[in-house]
Amino acid sequence: MTQRFSAQGVRFARSGAQSVEKESTLLASLPFKALPQDWDHWPGAPAVAIWNAEGRLAYVGPYSDGVACTSDSSLIEPLLRTLVAGREASVTRQDTVSCLCELD
């Protein structure tokens, strides 16, 4: 996903723990961005936040709907395609069933 959308101008970053010793090379290669202060107690992980080209929050929530995070159930890939096409999107409040993994 990062390779596909990076080629279309989408910039990716990681957040959460600054240390990525146990993470994949791809994740470790992404620039680190601190979470906004009012998100310090975010209840779900992994989670995704997407801002549009104007800097407005377009999505916040799980990668996919359900307990398996796959491109087949992805909530964010259709949203990225919409934004890359120059169309407006805002999905910041929705009900989903997703995995919540406790992180150290």
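## Exercises on helix 3 and its salt bridges

Helix 3 is followed by glycine 86, which has a positive phi, near 85°. The exercises below concern a predicted model, in which the mean pLDDT of the protein is 75 and 63% of the residues reach 70 or more.

**Exercise 1. Determine which element of the protein has the highest mean pLDDT and which the lowest.**

Solution. Step one is to take the upper end of the ranking, where helix 3, covering residues 76-84, stands with a mean pLDDT of 89. Step two is to take the other end, where helix 2, covering residues 25-29, has the lowest mean value, 76.

**Exercise 2. Identify the buried residues of helix 3 and state which elements they pack against.**

Solution. The first step is to list the buried positions of the helix, which are Ile76, Glu77, Leu79, Leu80, Thr82 and Leu83. The next step is to ask what these residues meet, and the partners turn out to be helix 1 (2-6), strand 1 (48-51) and strand 2. As background to reading such a list, an α-helix has 3.6 residues a turn, so residues three or four places apart point the same way. Strand 2, one of the partners, spans residues 57-61 and includes valine 60. Valine 60 counts as buried because its relative accessibility is 11%, which lies under the 20% cut-off. The C-alpha atom of valine 60 is separated by 5.6 Å from that of valine 48, although the two residues are twelve apart along the chain.

**Exercise 3. Describe the surroundings of threonine 82: is the residue buried or exposed, and what does its side chain reach?**

Solution. Begin with the location, since threonine 82 lies in helix 3. Its relative accessible area is 17%, and therefore threonine 82 is classed as buried. Turning to polar partners, the side chain of threonine 82 reaches the backbone oxygen of proline 78 at 3.0 Å. Finally, when residues up to four places away in sequence are left aside, threonine 82 touches Arg87, Glu88 and Ala89.

**Exercise 4. Work out how many salt bridges the model contains, and characterise the one between arginine 4 and glutamate 77.**

Solution. The count comes to three salt bridges. In general terms, side chains of opposite charge can pair when their charged atoms come close. For arginine 4 and glutamate 77, the side chains meet with an N to O distance of 2.4 Å. This pair links distant parts of the chain, with arginine 4 in helix 1 and glutamate 77 in helix 3, 73 residues apart. The exposure of each partner comes last: arginine 4 is partly exposed because its relative accessible area is 44%, whereas glutamate 77 is buried because its value is 6%.

**Exercise 5. Establish which residues are linked in a network of salt bridges, and follow each of its pairs.**

Solution. The residues of the network are Glu54, Arg56 and Glu88. Taking the pairs in turn, glutamate 54 and arginine 56 form a salt bridge at 3.8 Å, N to O, and glutamate 88 and arginine 56 form another at 3.3 Å, N to O. The latter pair joins distant parts of the chain, as glutamate 88 belongs to the segment after helix 3 and arginine 56 to the loop between strand 1 and strand 2, 32 residues apart. For exposure, arginine 56 is partly exposed at 43% relative accessibility, while glutamate 54 is exposed at 54% and glutamate 88 is exposed at 58%.

Terms used. Residues numbered from 1 in each chain as written. Predicted model: local features only at pLDDT ≥ 70, side-chain atom pairs only at ≥ 80, totals over all residues. Heavy atoms only, no water. pLDDT = per-residue confidence, 0-100. Helix = DSSP H or I, 4+ residues; strand = E, 2+ residues; numbered from the N terminus. Buried < 20%, exposed > 50% of the residue type's maximum accessible area, 1.4 Å probe, protein only. Polar contact = N/O pair within 3.5 Å; in protein donor to acceptor, adjacent residues only side chain to side chain. Contact = heavy atoms within 4.5 Å. Salt bridge = Lys/Arg side-chain N within 4 Å of Asp/Glu carboxyl O.
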